[in-house]
Amino acid sequence: MTSPHSAQRPAVLPTLFGLGPRSADRRRRALPPGVLRLPTVGVDIGGTKVVAGVVDGEGRVLDRVRTETPHKSKSPAVVEDVIVDLVLQLADKHDVHAVGVGAAGWVDADRSKVLFAPHLNWRNEPLQEALSERLRFPVVVENDANAAAWAEWRFGAGRGEDHMVMITLGTGIGGAVVRDGFVDRGKYGLAGEFGHMQVVPGGHRCPCGNRGCWEQYSSGNALVREARGLVAEESPVVQPLLARAGGTAEGITGPLVTEAAREGDAVAVELLYEVGHWLGVGIANLAAALDPGRFVIGGGVSEAGDLLLGPAQDAFKRTLTGRGFRPEAGIVHAALGNEAGLVGAADLARQVARRFRTVKRRKRFS
């Protein structure tokens, strides 16, 4: 099936690395008005759901469709079928010019292959080529944290900051760096794996194979592990939290702990404080290495707000190297919520659409 709005796929997609080292305002003014109006589709692939949306040049989601991640997700072709179906549903109603796909996993530097995805059976999967052939649109594949960071830099909590680091707190920790209008992906496209910095030598075992990784102390998994650990120790202080969970440790989830903390449960507040403390320690390490102007904190765990960010800011100030003799980066809550990955993927695809249109225009008049 081919949408009537589909464009012919270019033989080689233009390389995409942001818009160049200018100020954020100048970058936005530099985009031709026609490009700002180009609708593009962003796709956010998660372990439980796939969401696609049409996004305009101001970061507004005009239309969206979603479905569950298919049960047979061990087959790349099944997930690819779902992506194609969602995009074509939107293309039947909108004049789509490009597609951006945000995937939780390692994406190569060319934004064409998913090298490894923990929730899907993608290993060196040539996703960009496969989708381009079927959709006949320019397609960009991006790591989901990079896509979210780009969206926050363009439209959200990172606007106006020329050196921003985003940290996404979910079951683990993801991250990304946007500097001078570029997503800094590193030499091989794998930058931003902040969650696997070691913060506690010999600490908790991490699925990555190492011990003491940051995400073992500041993430949704860490929050739940500590709460369930209190249940396993039969601690009386955890009984109110256990009652909320229906009397079983398995019923304790990150959102449940956050809700309890908001309602004043002392143990829930303490658990979030500890996660926030380790968040601040890790941010101080990143500040020492990267020296950004702003840290943007997103992901599901960040919905705890000041219950998390307050302790993080305190720990950051206490552990920052050279504290008292250097400027301190701001630490702010992300603005775009769950839509950041979708919006960022669509906007990155818009840059490809812009360059592809420019190439076609030059050929027309050459």
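**A walk through the predicted fold**

Among contacts in the chain between residues at least 6 apart in sequence, 65% join residues at least 24 apart, a contact meaning heavy atoms within 4.5 Å. This is a predicted model, in which local features need pLDDT of at least 70 and side-chain atom pairs count only at pLDDT 80 or more, while totals for chains, interfaces and linings use all residues. Residues are numbered from 1 along each chain as its sequence is written, and side-chain values use heavy atoms, leaving out hydrogens and water.

User: Happy to start broadly: what percentage of the 366 residues of the chain count as buried?

Analyst: Gladly! The chain has 11 helices and 13 strands; these are DSSP runs numbered from the N terminus, helices being H or I of at least four residues and strands E of at least two. Buried means under 20% relative accessible area, exposed over 50%, and partly exposed in between, with a 1.4 Å probe and protein chains only. Of the 366 residues, the buried share is 52%.

User: Why is strand β9 described as largely enclosed by the rest of the structure?

Analyst: In a regular strand, side chains alternate between the two faces of the sheet. In β9, H163, V165, I167 and L169 point one way, M164, M166 and T168 point the other way, and all are buried. Strand β9 (residues 163-169) is largely enclosed because its buried residues number seven of the seven.

User: Which strand runs parallel to β9, and which residue there is the bridge partner of M166?

Analyst: Two strands pair if DSSP finds at least two bridges between them. Strand β10 (residues 173-179) runs antiparallel to β9, joined to it by seven bridges, and the two form a hairpin with three residues between them. The parallel neighbor, joined to β9 by five bridges, is β12 (residues 294-298). There, the bridge partner of M166 is V296.

User: In the open sheet of three strands, which are the edge strands?

Analyst: The order is β5-β6-β7, with antiparallel pairing. Each edge strand pairs on one side only, and the two are β5 (106-107) and β7 (122-125).

User: Which residue in β7 stands opposite A117?

Analyst: Strand β6 (residues 114-117) pairs with β7 in the antiparallel sense over three bridges. Opposite A117 stands W122.

User: How much space lies in the largest cavity?

Analyst: A cavity is a set of points, on a 1 Å grid over the protein atoms alone, where a 1.4 Å probe fits but cannot get out; lining residues have an atom within 4 Å of a point. Grid points are joined across faces, edges and corners, and the volume is the space filled by probe spheres set on the points. The lining includes A117 and W122, along with I45, H119 and L120 among others. The count is one cavity of 30 Å³ or more, and the space in the largest is about 50 Å³.

User: Which helices are included in what covers the buried residues of α8?

Analyst: In α8 (residues 254-262), the buried residues are G254, L256, V257, T258, A260 and A261. Just after α8, G264 takes a positive phi of about 95 degrees. The cover includes α6 (220-232), α7 (239-244), α9 (266-290) and α10 (306-319).

User: Is G305 buried or exposed?

Analyst: G305 lies in the loop between β12 and α10. Its C-alpha atom is separated by 9.6 Å from that of R262, 43 residues apart along the chain. At 19% relative accessibility, G305 counts as buried.

Note on methods: On a 1 Å grid over the protein atoms alone, a cavity is a set of points where a 1.4 Å probe fits but cannot get out, and a pocket is an open set with protein on both sides within 12 Å along at least five of seven lines; lining residues have an atom within 4 Å of a point.
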